[in-house]
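Q: Could you zoom in on one part of this protein and walk me through it slowly? I'd like to see what sits around it, and then how that part fits into the rest of the chain.

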Amino acid sequence: MKHLLSVTDLDAAEATALLDTADRLKQALLGREVRKLPTLRGRTVITMFYEDSTRTRVSFEIAGKWMSADTINVSARGSSVSKGESLRDTSLTLSSMGADCVVVRHPASGAAHRIAAWTDRDRAVTGIHTSIVNAGDGTHEHPTQALLDAATLRERLGGIAGRRVGIVGDVLHSRVARSNVFLLATLGAEVVLIAPPTLLPVGVEEWPCRVSAELDAELPALDAVMMLRVQAERMHGAFFPSSREYAIRYGLSPERAALLPDHAIVMHPGPMIRGMEIAPSVADAPSSAILGQVRNGVHVRMAVLYHLLAGASS
Ligand code: CP
């Protein structure tokens with residue numbers, strides 16, 4: 001694996017290999033006094049975030065540190081981006097300093113792909129290979145979120161193939177939804193997107209999933225329900241339906257959660273808007289896998305760094 005830009009770069013065997021590595025790393029590290037592996041000693045991982053993040057940025061930093069890589073965080077605020085430096089110049093600057101991996105989050109869909117193309121071209125001159133990881137690009141993709149969600153589904157449901165997963169809410173602005181639909185379909189799950197028609201993207205009928213507007217009718221058949229964050233920052237003030245209507249029709253209330261089968265799990269990529277997308281009592285119930293998703297994020301990101309950097313050196 002050279003870069004991780006999109007889940008569509010992964011076939012079922014490659015995605016499963018990443019999940020298996022994450023499992024092995026989790027087993028190796030959990031409950032042991034030694035929490036650090038020497039695997040990536042001497043490697044440099046830079047996180048370059050042009051949008052805010054808690055889970056993704058911190059878990060990549062932990063993942064790098066737990067594998068003994070040198071990790072450095074760059075954010076748009078506080079870097080030369082605020083002086084007007086272009087994305088291309090910033091990326092090539094970090095690559096030229098010898099970054100083995102740049103983990104990038106950017107508001108523009110396709111940004112990670114562009115950076116990979118620039119650094120690959122620059123490699124011919126510098127001889128430096130820099131792996132690029134897409135940590136969320138606009139409304140396009142968030143591949144490591146989908147991988148950690150798949151790890152959580154596998155752990156909590158015993159497998160993914162044949163499981164029924166509902167993804168609920170603001171699909172239009174969600175890179176998490178797109179990455180999950182394509183990865184879960186690759187791994188054999190049945191996915192249904194449940195959303196108001198105003199929050200569905202053009203072309204969704206070509207995605208490998210079903211689409212529904214009726215949450216209450218879908219819940220009894222699901223093995224997992226994944227609530228999405230409503231991305232008000234991408235709506236430019238025009239949120240339709242209103243947040244009140246949204247909560248009434250698509251919020252996961254305790255009454256709605258009771259429609260799920262007993263074995264079903266509740267997921268959310270975070271950050272959650274409690275009270276609108278999901279009731280606090282549902283988010284904190286035993287059926288909630290939300291903190292498990294966060295924990296798996298560290299091991300999945302360790303696996304991604306391992307496959308990109310240790311694989312490349314062997
Ligand atoms: N799920 C997710 O990407 O969270 P952050 O924005 O906190 O990284």
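**A strand and its surroundings**

A: Let's start with one pair of residues: Val-168 stands opposite Met-227, which is in strand 8. Keep in mind that what you're looking at is a predicted model. That pair is one spot in a longer match-up, since strand 5 and strand 8 (residues 224-227) run parallel and are joined by four bridges.

Now look at the other partner. Strand 5 also pairs with strand 6 (residues 190-194), again in the parallel sense, this time over five bridges. If you want a residue to anchor your eye, find Val-165, whose bridge partner in strand 6 is Val-191. The way the chain gets from one of these strands to the other is worth tracing too: strand 5, helix 6 (residues 175-186) and strand 6 form a β-α-β unit, and it is right-handed. While you look at these strands, here's a handy rule: in a regular strand, side chains alternate between the two faces of the sheet.

Is strand 5 enclosed or out in the open? Four of its five residues are buried, so the strand is largely enclosed by the rest of the structure. Take Gly-166, which is found in strand 5 (residues 164-168). Gly-166 counts as buried because it has 25 C-beta neighbours inside 10 Å, and 20 or more is enough for that label. What does Gly-166 touch? Setting aside residues up to four places away in sequence, its contacts are Val-192, Ile-194, Glu-218, Leu-222, Val-225 and Met-226. There's a long-range neighbour to find as well: Val-211 is 45 residues away from Gly-166 along the chain, yet their C-alpha atoms are separated by 9.5 Å.

Follow the chain on past strand 8 and you come to Val-230, in the loop between strand 8 and helix 8 (243-250). Is this loop residue buried or exposed? Val-230 is buried, because 22 other C-beta atoms lie within 10 Å. Its contacts, not counting neighbours within four places in sequence, are Gly-169, Asp-170, Tyr-246, Ile-273, Met-276 and Glu-277. One of these, Ile-273, is 43 residues from Val-230 along the chain, with 7.8 Å between the two C-alpha atoms.

From there, slide over to Pro-271, which sits in the loop between strand 9 (265-267) and helix 10 (280-283). The peptide bond from Gly-270 to Pro-271 is cis, with omega near -10 degrees. Both of those residues turn up again in the list around the ligand, which reads Ser-53, Thr-54, Arg-55, Thr-56, Gly-136, Gln-145, Pro-269, Gly-270 and Pro-271. Sorted by class, that shell has two nonpolar, six polar and one charged residues.

Why does the ligand lie between the two domains? Both domain 1 (7-141 + 297-313) and domain 2 (143-293) give residues to the shell around the ligand, so that is where the ligand lies. The centres of the two domains, taken over C-alpha atoms, are 26 Å apart. Where they meet, 25 residues of domain 1 are in contact with 21 residues of domain 2. On the domain 1 side, helix 1 (12-29), helix 2 (55-66), strand 4 (131-137) and helix 11 (290-313) each supply at least two of the touching residues. That side divides into 11 nonpolar, nine polar and five charged residues.

Just past strand 4 there's another loop to visit. Gly-138 lies between strand 4 and helix 5 (143-157). Gly-138 counts as partly exposed because it has 17 C-beta neighbours inside 10 Å. Beyond its close neighbours in sequence (within four places), Gly-138 is in contact with Pro-107, Ala-108, Ser-109 and Arg-175.

To finish, go to helix 2 and see a pattern you've met already. Strand 1, helix 2 and strand 2 make a right-handed β-α-β unit. Strand 1 (residues 44-49) and strand 2 (residues 70-75) run parallel, joined by six bridges, and Thr-47 stands opposite Asn-73 in strand 2. In the loop between helix 2 and strand 2 you'll find Ser-68. Ser-68 has a positive phi of about 70 degrees although it is not a glycine. With 15 C-beta neighbours inside 10 Å, Ser-68 counts as partly exposed.

How values were computed
Residues numbered from 1 in each chain as written. Predicted model: local features only at pLDDT ≥ 70, side-chain atom pairs only at ≥ 80, totals over all residues. Near = placed C-beta within 6 Å. Nonpolar A, V, L, I, M, F, W, Y, C, P; charged D, E, K, R; others polar. Domains from an automatic or database assignment. Contact = placed C-beta atoms within 7 Å. Pairing = 2+ DSSP bridges. Right-handed = clockwise from strand over helix to strand, strands pointing away. Buried ≥ 20, exposed ≤ 12 C-beta atoms within 10 Å, placed from the backbone.
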